[in-house]
Amino acid sequence: MKKKFLKITIVAILLVLVYTTIVNALGFTATMTSSSSNVEPSSEFTVKVSVSNLDVGDNGINQLNGTLSYDEDVFEEINDSSIEGLDTWSHSYDSEAKTVKLTKTTFVKKDEEVFQVTFKTKADVKSGTVGKINFTGITASNSEQSIPATDVSISITVGGEPINTANVNSENQSPLILSANTNSNTNTNTNTNVNKIPVNSYIDQENKTEEEVPYTGVEDTLIYLVGAFIILAIIFYIKFEKVNSKL
């Protein structure tokens with residue numbers, strides 16, 4: 001009986017290890033940065049999206065997809081001409097679905113800037129208004145499978161200090177990073193959301209604190225899968241013993 005239990009346990013462990021290896025094999029980091037964190041009304045600025053920490057297989061990736069949403073009360077509507085592919089990436093933009101698709105004729109395996117978007121603040125926005133830009137539902141492709149990444153976002157203050165002070169914790173606010181073309185009258189802090197965090201957490205851009213993402217049920221799913229693997233191992237073992245007994 002002990003030998004049977006040991007055999008079943010070994011088979012179950014092997015199945016779990018194989019599943020875990022497949023699930024955790026591939027991944028990458030998406031990063032969103034802005035040319036300025038504080039922009040005057042009726043002014044343009046650029047937001048860049050980059051990829052890094054690419055663990056995406058032997059070939060690399062040649063496609064990146066996602067949904068680009070933004071506060072429409074703060075920023076002018078963007079269109080296909082607002083988006084520019086970088087480093088030979090080409091793009092297409094669906095203005096209704098707000099989805100952007102980037103493709104490249106070669107494969108990428110190293111850190112790289114993928115595209116940038118030119119935004120413009122509306123003329124009638126009150127000074128101190130904070131607008132948010134999001135890149136969500138991010139997936140890359142290595143021509144064999146789709147590889148997801150965590151959503152990223154960035155906040156832009158229009159014409160001064162944020163007026164929504166209830167959502168800002170100045171004591172916890174971290175330094176930000178501006179690109180080289182920062183306006184001289186811009187706050188020395190930057191506004192960037194770097195997606196270099198565990199899958200189960202995210203950065204709150206207003207409070208600059210790392211928080212746990214709401215429970216998604218992943219742990220329950222894994223428990224169910226492990227249970228299923230054990231049941232399958234028992235079934236396979238019983239069938240194996242029946243075959244051996246007939247020989």
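The conversation below goes through the salt bridges, core, strands and surface patch of a predicted model.

Biologist: What makes Glu113 and Lys48 a salt bridge?

Modeller: The closest N and O atoms of Glu113 and Lys48 are 3.7 Å apart, and a salt bridge requires a side-chain nitrogen of Lys or Arg within 4 Å of a carboxyl oxygen of Asp or Glu, so the pair meets the definition. Glu113 lies in strand β8 and Lys48 in strand β3, 65 residues apart, and the pair therefore links distant parts of the chain.

Biologist: Why are Glu113 and Lys48 called partly exposed?

Modeller: Buried means under 20% relative accessible area and exposed means over 50%, with partly exposed in between. Glu113 has 33% and Lys48 has 27%, so each is called partly exposed.

Biologist: Which residues are linked in a network of salt bridges, and how do you know that Glu112 belongs to it?

Modeller: The network consists of Lys104, Lys110 and Glu112. Glu112 comes to 2.7 Å from Lys104, taking the closest N and O atoms, and the corresponding separation from Lys110 is 3.8 Å; both values are within 4 Å, so Glu112 forms a salt bridge with each of these lysines. The structure holds 4 salt bridges.

Biologist: Are the members of that network buried or exposed?

Modeller: Glu112, with a relative accessible area of 11%, is buried, and Lys104, with 12%, is also buried, because both values are under 20%. Lys110, by contrast, has 56%, which is over 50%, and is therefore exposed.

Biologist: What makes Asn59 partly exposed, and where does Asn59 lie?

Modeller: Asn59 lies in the loop between β3 and β4, and its relative accessible area of 42% falls between 20% and 50%, so the residue is partly exposed. Leaving aside neighbours within four places in sequence, Asn59 is in contact with Phe107, Lys109 and Glu144. The C-alpha atoms of Asn59 and Thr106 are separated by 9.4 Å, although the two residues are 47 apart along the chain.

Biologist: Which residues touch the most other members of the largest nonpolar core, and which element gives the most to this core?

Modeller: Among its 38 residues, those touching the most other members are Phe28, Met32, Leu64, Phe115, Phe119, Ile133 and Phe135. Strands β1, β3, β4, β7, β8, β9 and β11 each give two or more residues, and β3 gives the most, with 5 residues. In soluble globular proteins, nonpolar side chains tend to be buried together. Phe28 has contacts that include Val51, Leu64, Ile138 and Ile147, when neighbours within four places in sequence are left aside.

Biologist: How do you know that β3 pairs with β1 and with β8?

Modeller: Two strands pair if at least two bridges are found between them. There are 7 bridges joining β1 to β3 and 8 joining β3 to β8, so both pairs satisfy the definition. Each pair runs antiparallel; Ala30 has Val51 in β3 as its bridge partner, while Glu44 stands opposite Lys120 in β8.

Biologist: Why can Ile235 be counted in a nonpolar patch on the surface?

Modeller: Patch residues need over 30% relative accessible area, and Ile235, with 36%, passes that cut-off while still being called partly exposed. Ile235 lies in helix α2, residues 218–246, and forms the patch with Ile231, Leu232 and Phe236, the four having about 370 Å² of accessible area together.

Methods:
Residues are numbered from 1 along each chain as its sequence is written. This is a predicted model: local features need pLDDT of at least 70, side-chain atom pairs count only at pLDDT 80 or more; totals for chains, interfaces and linings use all residues. Side-chain values use heavy atoms; hydrogens and water are left out. Patches are made of residues with over 30% relative accessible area and no salt bridge: like charges are joined within 9 Å, nonpolar side chains (Val, Leu, Ile, Met, Phe, Trp, Tyr) within 5 Å. Accessible areas come from the Shrake-Rupley method with a 1.4 Å probe; for residues, only the protein chains shown count as cover. Helices (H or I, at least four residues) and strands (E, at least two) are DSSP runs, numbered from the N terminus. Buried means under 20% relative accessible area, exposed over 50%, partly exposed in between (1.4 Å probe, protein chains only). A nonpolar core is a set of buried Ala, Val, Leu, Ile, Met, Phe, Trp, Tyr and Cys residues joined through side-chain atoms within 4.5 Å. Contact means heavy atoms within 4.5 Å.
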